[in-house]
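Thanks for asking me to look this one over. My comments are set out as numbered points, so you can take them in any order.

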Amino acid sequence: MGLLEFNKLPINTLVGADWKTFNAITKGREIDAAYKGKYRLTKAVCRLLSTLAPLQNGRYEKRLASQPLEHDPVFILGHWRSGTTFVHNVFSCDKHFGYNTTYQTVFPHLMMWGQPFFKKNMSWLMPDKRPTDNMELAVDLPQEEEFALANMMPYTYYNFWFLPKYQQEYADKYLLFDDITEKELKVFEEVFTKLIKISLWNTNGTQFLSKNPPHTGRVKELVKMFPNAKFIYLMRNPYTVFESTRSFFTNTIQPLKLQDISNDEIEKNILSIYAKLYHKYEADKSCIPAGNLVEVKFEDFEADAMGMTEQIYHDLSIPGFAEARNDIEKYVGGKKGYKKNKYRYDDRTVQLVQDNWNFALEQWKYELLLKKS
């Protein structure tokens, strides 16, 4: 058990940003009175730690910047709460994959210098379970990279965790890339490539394994960057996704936000952005070359993780399943008996999903599998 509880963190994850990024994200944005103390403390720690960023930059330029990627990445896509974490953890058992770690999401500038010291302290302080689903948290476990990107540049969707009043704006610009400028897009490409190289160096991998729901809206750009990238797209019952996302966002935003947002506003944003992300992916997935995309219902994967994993390796021509089989079996076997959250779908929830996400229910042929009570 970590020293700090997730919902009582005195600072937020922007402590790990470089100074330029911190200022760009917060410039001109109002900080609500209740969070000015957290903002000032986060800013002070960020200012101190950001003085160390040039040490990593020097090492990166010397060791990694000019090194080409050996393989294009494998991207695990899907809306939040679609099972991407479980699939990511399963595939990361294959040691040829490299990935972004939990430590790296918070301190991406303290990877190639000072990591043992800062990681030890982070491990001591952080909670050992995610607040929404009791999934294990640890500094070296695989983690989605959007939080790391948010600490490396101002052009990411996850700025909304800190400044939720602008969630729709961030979604259009940095989740869907609809309003992003060419200059911003170039920075995204450069920073993401840098993150991948450092992640591979850190985990001794040869191919980057990405689990990042925001990438679901960036397929066209990702294919441009990595023409032979592989994509795994996860679908899950929209009733479950809505309930789980509402719980996840409502709980996770509490220690991160610097502005107030009502639960009703969070709910409206979830309903709207799910639809935008769904349609963006459907419009852009044709950019993915034949043989480089598989679409999987999470319920099918969960029911037969070993069989589905082997099938995905085969369908995407990913090498190494035989070598990784034992490690994957050990992980999957260890998760048997894990108690997931159970959701009750009241009449209002059912109506909201049917009114707003019926397109997904129809395309994926989902019904209300768990009767409302």
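The points below go through the cores, a helix, a loop residue, a strand and the salt bridges.

1. Please keep in mind throughout that this is a predicted model.

2. I would start with the nonpolar cores. The largest has 76 residues, and the members touching the most others are Tyr157, Trp161 and Phe192. Helix α12 is the top contributor to this core, giving eight residues. A separate, second core holds 26 residues, among them Val294, Tyr313, Ile328 and Val332.

3. Tyr157 deserves a look of its own. Beyond its neighbours within four places in sequence, its contacts include Trp80, Glu146, Pro214, Arg218 and Ile273. Tyr157 is also in contact with Gln167, Tyr170, Ala171, Tyr174 and Leu175, and these five appear among the buried residues of helix α8.

4. That leads to α8 itself, which covers residues 167-175 and also has Lys173 among its buried residues. What does this buried set pack against? The partners are four helices: α1 (19-26), α9 (182-203), α11 (238-252) and α12 (263-284). Just after α8 comes Phe177, with a positive phi of about 60°; you may like to view that spot in the model.

5. Next, a loop residue with a charged side chain name to check: Glu144, between α6 (115-125) and α7 (146-150). Is Glu144 buried or exposed? Its relative accessibility is 7%, so Glu144 counts as buried. The Glu144 side chain makes polar contacts with two other side chains, that of Tyr158 at 2.3 Å and that of Lys211 at 3.2 Å. Setting aside residues up to four places away in sequence, Glu144 also touches Trp80, Asn100, Thr105, Asn212 and Pro213.

6. Lys211 brings us to strand β3 (residues 207-211), where five of five residues are buried. Gln207, Leu209 and Lys211 point one way from the strand, while Phe208 and Ser210 point the other way. On the pairing side, β3 runs parallel to β1 (residues 74-77) over three bridges, with Leu209 as the bridge partner of Val74. Strand β2 (residues 97-98) also pairs with β3 in the parallel sense, over two bridges; here Phe208 is the bridge partner of Gly98.

7. On to the salt bridges, of which the count is 21. One of them joins the side chains of Glu243 and Arg246, at 2.8 Å from N to O. Both residues sit in helix α11, three residues apart, or about one turn of the helix, and both are buried.

8. Asp260 and Lys257 form another salt bridge, with an N to O distance of 3.9 Å. The two partners fall into separate accessibility classes: Asp260 has 40% relative accessibility and therefore counts as partly exposed, whereas Lys257, at 6%, counts as buried.

9. Glu310 and Arg325 also form a salt bridge, their closest N and O atoms being 3.3 Å apart. Glu310 is in helix α14 (residues 305-315) and Arg325 in helix α15 (residues 321-334), so the pair ties together parts that are 15 residues apart in sequence. Glu310 is partly exposed at 37% relative accessibility, and Arg325 is partly exposed at 29%.

10. Finally, there is a network to look at. Asp178, Lys220, Lys280 and Asp284 are joined into one network by salt bridges that share partners.

Key:
Residues numbered from 1 in each chain as written. Predicted model: local features only at pLDDT ≥ 70, side-chain atom pairs only at ≥ 80, totals over all residues. Heavy atoms only, no water. Buried < 20%, exposed > 50% of the residue type's maximum accessible area, 1.4 Å probe, protein only. Contact = heavy atoms within 4.5 Å. Core = buried A, V, L, I, M, F, W, Y, C linked by side-chain atoms within 4.5 Å. Polar contact = N/O pair within 3.5 Å; in protein donor to acceptor, adjacent residues only side chain to side chain. Pairing = 2+ DSSP bridges. Salt bridge = Lys/Arg side-chain N within 4 Å of Asp/Glu carboxyl O.
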